[in-house]
Amino acid sequence: QVQLVESGGGLVQPGGSLRLSCAASGSIFNIYDMGWYRQAPGKQRELVAAITRGSYTNYANSVKGRFTISRDNAKNTVYLQMNSLKPEDTAVYLCNADVKTRDLTRRGYWGQGTQVTVSS
């Protein structure tokens, strides 16, 4: 089994910054793509940023230039640095990882999410 645990969410004022972390643990052989999604009340879940094992990245247009996704493969951890936060960034942020476990099966896993609230 694989567990993903997010941390770093909280309440921040517009223009502020937060850094989210997501650490994977369990019977991990390799982790391929990792990503951050978010879901706000009344809205569909959307991909915020994704990163491959080789650190190729892509971002939602709404966060380009403000957010940076990165990863530490040795720590099985993905990060999301969020700068210049806006109220519309308020959402539950969820980590996702494409994981090959030690039995060589491969599937996606989700964390429980961390709340990010941007408000004055």
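**View 1. The loop between β9 and β10 holds leucine 104.** In this predicted model, strand β9 covers residues 91-101 and strand β10 covers residues 106-110. Leucine 104 is found in the loop between these two strands. Its phi is positive, about 75°, although leucine 104 is not a glycine. The residue is exposed, and its relative accessible area is 56%.

**View 2. Strands β9 and β10 form a hairpin.** The two strands pair in the antiparallel sense, and 5 bridges join them. One position to look at is asparagine 96, which stands opposite tryptophan 110 in β10. The hairpin has 4 residues between its strands. Leucine 104, with its positive phi near 75°, belongs to this hairpin.

**View 3. Strands β4 and β5 run antiparallel.** β4 spans residues 28-39, β5 spans residues 46-51, and 5 bridges join them. Methionine 34 has isoleucine 51 in β5 as its bridge partner. The hairpin of β4 and β5 has 6 residues between the strands. In this hairpin, glycine 42 takes a positive phi near 75°.

**View 4. Strand β5 also pairs with strand β6.** β6 consists of residues 57-59 and runs antiparallel to β5, with 3 bridges between them. Here alanine 50 stands opposite asparagine 58 in β6. β5 and β6 form a hairpin with 5 residues between them. In the turn, serine 55 has a positive phi of about 75°.

**View 5. Arginine 71 in strand β7 is buried and reaches backbone oxygens of other residues.** Strand β7 covers residues 67-72, and arginine 71 is found in it. This arginine has no salt bridge, although it is buried. How far away is the nearest side chain of opposite charge? It belongs to aspartate 33 and is 5.6 Å away. A salt bridge would need a side-chain nitrogen within 4 Å of a carboxyl oxygen, so the distance to aspartate 33 does not qualify. The side chain of arginine 71 does reach the backbone oxygen of isoleucine 31, at 3.1 Å. A polar atom of the same side chain lies 3.0 Å from the backbone oxygen of threonine 52.

**View 6. Aspartate 72 follows in strand β7.** Aspartate 72 is partly exposed, with a relative accessible area of 25%. The C-alpha atom of aspartate 72 is separated by 9.5 Å from that of alanine 23. Along the chain, these two residues are 49 residues apart.

**View 7. Asparagine 76 lies in the loop between β7 and β8.** Strand β8 covers residues 77-82. Asparagine 76 is not a glycine, yet it has a positive phi of about 50°. Is this asparagine buried, partly exposed or exposed? It is partly exposed, with a relative accessible area of 23%.

**View 8. Two arginines place their charged ends over tyrosine rings.** The charged end of arginine 19 sits over the ring of tyrosine 79, at 4.1 Å from the ring centre. The charged end of arginine 106 sits over the ring of tyrosine 32, and here the distance to the centre is 3.8 Å. As for rings that pair with one another, the count of aromatic pairs comes to 1.

Methods. Residues numbered from 1 in each chain as written. Predicted model: local features only at pLDDT ≥ 70, side-chain atom pairs only at ≥ 80, totals over all residues. Heavy atoms only, no water. Pairing = 2+ DSSP bridges. Phe/Tyr/Trp six-rings, centres within 6.5 Å; stacked < 30°, edge-to-face > 60°. Lys NZ or Arg CZ within 6 Å of the ring centre and 35° of its normal. Buried < 20%, exposed > 50% of the residue type's maximum accessible area, 1.4 Å probe, protein only. Lys, Arg positive; Asp, Glu negative; His and termini not counted. Polar contact = N/O pair within 3.5 Å; in protein donor to acceptor, adjacent residues only side chain to side chain.
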